[in-house]
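Work through these exercises with the model open beside you. Try each task before you read its solution.

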Amino acid sequence: AWGLLLARHNNQSEVMFGVTSSGRPGDLPDAGHMLGVFINTLPLRVQAAPDLTLADYLHQVQSTSVAMREHEHTPLADILQQHPRGAGLFDTLLVFQNLPALSERQLQSGDLTLKVLDNLEQTSYGLTVEVLPGRCLEVLFSADAQRLAQPALQTLIEHLHALLIALDTAPDTRLEQLSSHSAHDHQRLLDWGTHTGAYSLEPCWEQRVAAQVAAHPQRVVARCGEHSLTYAALWQRSQALACGLQAMGAVPDQPVVAARGTQYRMAVPDRRHFAR
């Protein structure tokens, strides 16, 4: 669920995040009785293409995680040195603890009860997600406030919760069919669609834009990289586009399909595009 959520929030079909390993493989005799800290962090790459089925996605994540165990003793520093991005290889960490939540960590010895009251852990990553098993699955979020604001973190929490619930569905469901929107998101979308604010339609939008062009002809209205477009330039190119469409048979109040490139110079064509 975490990999899928990262893919959606970054608008990428392939993402990478850190995962922890206990460093105590099950096939190692008496691994659970060894003293010392063997925990390690490794990068996990997942593919979350929208047309992938849930079954294929989960199988991929499971297969990659199992294969990664062969390298669980490789120091993270060595991996980062070999990768071009270095320490920027990933900035989120997923920790799945094999210890229960703090509220369930206690030891009873006769009339004496020993309990863990607090446990403070901090990582160097922008966001750490810690999953604690127990009677109920508990998920803790720890974020760098300078890199991730509280509202953005709250949105991630709500979307992860919704996505975990959505995963309880048929295995052949495509990933694009899984909703990560919370109840709050759904209500907000409904509120947008039923907005009853009173807006005047006079003057029309064309007259309003013309007034802005006349008042601020050199004010920048759009930017793309190192390029920018002023109100005056936008107005001139819009007129050229309108004249070109009319010359090709376009009429008022009829839809027009325009297939253009995504480059800045193609956003609003100039007259040269109609002279070809």
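**Exercise 1. Classify D185 as buried or exposed, then find its side-chain partner**.

Solution. This is a predicted model.
- Step 1: The relative accessibility of D185 is 6%.
- Step 2: Buried means under 20%, so D185 counts as buried.
- Step 3: Place the residue. D185 lies in helix α5, residues 183-193.
- Step 4: Look for its partner. The D185 side chain makes a polar contact with the side chain of H159, at 2.7 Å.

**Exercise 2. Work out the strand order of the open sheet, and name its edge strands**.

Solution.
- Step 1: The open sheet has 5 strands.
- Step 2: Their order is β2-β1-β3-β6-β7, and the pairing is mixed.
- Step 3: An edge strand pairs on one side only; here the edges are β2 (40-47) and β7.
- Step 4: Add the twist. From one strand to the next, it averages 25°.
- Step 5: Add a helix. Helix α1 (residues 2-9) packs on the sheet and touches β1 (14-21), β2, β3, β6 and β7. The direction of α1 makes about 145° with that of β1.
- Step 6: Add another. Helix α2 (residues 54-68) also packs on the sheet, touching β1 and β2. Its direction makes about 150° with that of β2.

**Exercise 3. Describe how β6 pairs with β3 and with β7: parallel or antiparallel?**

Solution.
- Step 1: Recall the rule. Strands of a sheet pair through backbone hydrogen bonds, in either a parallel or an antiparallel way.
- Step 2: Strand β3 (residues 92-96) and β6 run parallel, joined by 5 bridges. T92 stands opposite L127 in β6.
- Step 3: Strand β7 (residues 138-143) and β6 run antiparallel, joined by 6 bridges. T128 stands opposite S142 in β7.
- Step 4: Check the hairpin of β6 and β7. It has 5 residues between the strands, and G134 takes a positive phi near 160°.

**Exercise 4. Decide which faces of β6 are covered**.

Solution.
- Step 1: Side chains in a regular strand alternate between the two faces of the sheet.
- Step 2: Sort the residues of β6. L127, V129 and V131 are on one side, with T128, E130 and L132 on the other.
- Step 3: These residues are all buried, so both faces are covered.
- Step 4: Check the count. In β6 (residues 127-132), 6 of 6 residues are buried.

**Exercise 5. Count the disulfides, then classify C204 and C224**.

Solution.
- Step 1: A disulfide is a covalent bond between the sulfur atoms of two cysteines.
- Step 2: The structure holds 0 disulfides.
- Step 3: C204 has a relative accessible area of 32%, so C204 is partly exposed.
- Step 4: C224 is at 38%, so C224 is partly exposed too.

Key: Residues are numbered from 1 along each chain as its sequence is written. This is a predicted model: local features need pLDDT of at least 70, side-chain atom pairs count only at pLDDT 80 or more; totals for chains, interfaces and linings use all residues. Side-chain values use heavy atoms; hydrogens and water are left out. Buried means under 20% relative accessible area, exposed over 50%, partly exposed in between (1.4 Å probe, protein chains only). Helices (H or I, at least four residues) and strands (E, at least two) are DSSP runs, numbered from the N terminus. Two strands pair if DSSP finds at least two bridges between them. A disulfide is a pair of cysteine sulfur atoms within 2.5 Å. A polar contact is a pair of N or O atoms within 3.5 Å; within protein, one must be able to donate a hydrogen and the other to accept it, and residues adjacent in sequence count only if both atoms are side-chain atoms. Axes are lines fitted to C-alpha atoms, for helices over the stretch in contact, and angles run from 0 to 180 degrees between N-to-C directions. Contact means heavy atoms within 4.5 Å.
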